[in-house]
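Q: Could you take a close look at one part of this protein, the largest nonpolar core, and set it in the context of the whole chain and of what surrounds it?
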Amino acid sequence: LPTTVPTAVTTPASCALFALPADITKYIMSYLTFLERFPLRCAVASATAASSPHQAARTRERWDKLLFSSQVALDLSQHTAITSAGLSFLRGAAPKLTKLSLSKCLCLRNEVKELRVVSSLVGLRELDLSRTNLGSGCLAALAGLRGLTILNLHACRQITDTGLAHLSVLPLAKLDIGDCREVTDVGLAHL
């Protein structure tokens, strides 16, 4: 049994966390304490050294359970290179992710597909999309988030009255649409 923690490991591609770009993985790992990182690194090392595909799959499953075993809040704000493809790893966190911040993620475009992954996060209670380039078309993807109570769209300048109509089905207790210059009283009537 080695006495040191491995500093670099090769990661299996099929685990949900490993779909992340390396910089985002490092960012997430930086928030974990040493005691939290150690079993995760051991799980990765044993997955790469697994003798059978079945054993590797079980190890990856344990990795996901360990990482997403409790309610998770994830702040990816100001990571300007994050795209919808980079967010695909969040599918593994669907039941546990309760708070997500994508504020100032400027590579997210005003297309419906950009929030498709976010729409699968059924446990999400708080979502911060402030200061992004997302617009009204993207808001349709949020209609399925029936537990969403806090939504921050501050300074999303492509949000219009039509976009707010998509939010009328959500149980929002707090909605920030400050500095959304295309929103009028007509849009507010949808809420």
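A: In this predicted model, the largest nonpolar core comprises 36 residues, and among these L100, V118 and L142 touch the most other members. Three elements, β1 (72-75), β2 (97-101) and α4 (136-139), each supply at least two residues of this core. In soluble globular proteins, nonpolar side chains tend to be buried together.

L142 shows what such contacts look like in detail: once its neighbours within four places in sequence are left aside, L142 is in contact with L115, V118, L127, L129, L151, L167 and L170. V118 is thus both a partner of L142 and one of the residues that touch the most other core members.

L100 leads to a charged residue, since D128, which lies in strand β3 (residues 126-128), touches L100 along with S101, L102, S103 and N152, not counting residues up to four places away in sequence. D128 is buried yet has no salt bridge, and the nearest side chain of opposite charge, that of K99, is 7.9 Å away, whereas a salt bridge would require the charged atoms to be within 4 Å.

As for the whole protein, six helices and five strands make up its secondary structure, and they follow the pattern α-α-α-β-β-β-α-β-α-β-α along the sequence. Of the 191 residues, 41% are buried, and of the contacts between residues at least 6 apart in sequence, 67% join residues at least 24 apart. The protein exposes about 10000 Å², of which carbon and sulfur atoms supply 55%.

Methods
Residues are numbered from 1 along each chain as its sequence is written. This is a predicted model: local features need pLDDT of at least 70, side-chain atom pairs count only at pLDDT 80 or more; totals for chains, interfaces and linings use all residues. Side-chain values use heavy atoms; hydrogens and water are left out. Helices (H or I, at least four residues) and strands (E, at least two) are DSSP runs, numbered from the N terminus. Buried means under 20% relative accessible area, exposed over 50%, partly exposed in between (1.4 Å probe, protein chains only). Lys and Arg count as positive and Asp and Glu as negative; His and the chain ends are not counted. Contact means heavy atoms within 4.5 Å. A nonpolar core is a set of buried Ala, Val, Leu, Ile, Met, Phe, Trp, Tyr and Cys residues joined through side-chain atoms within 4.5 Å. Accessible areas come from the Shrake-Rupley method with a 1.4 Å probe; for residues, only the protein chains shown count as cover.
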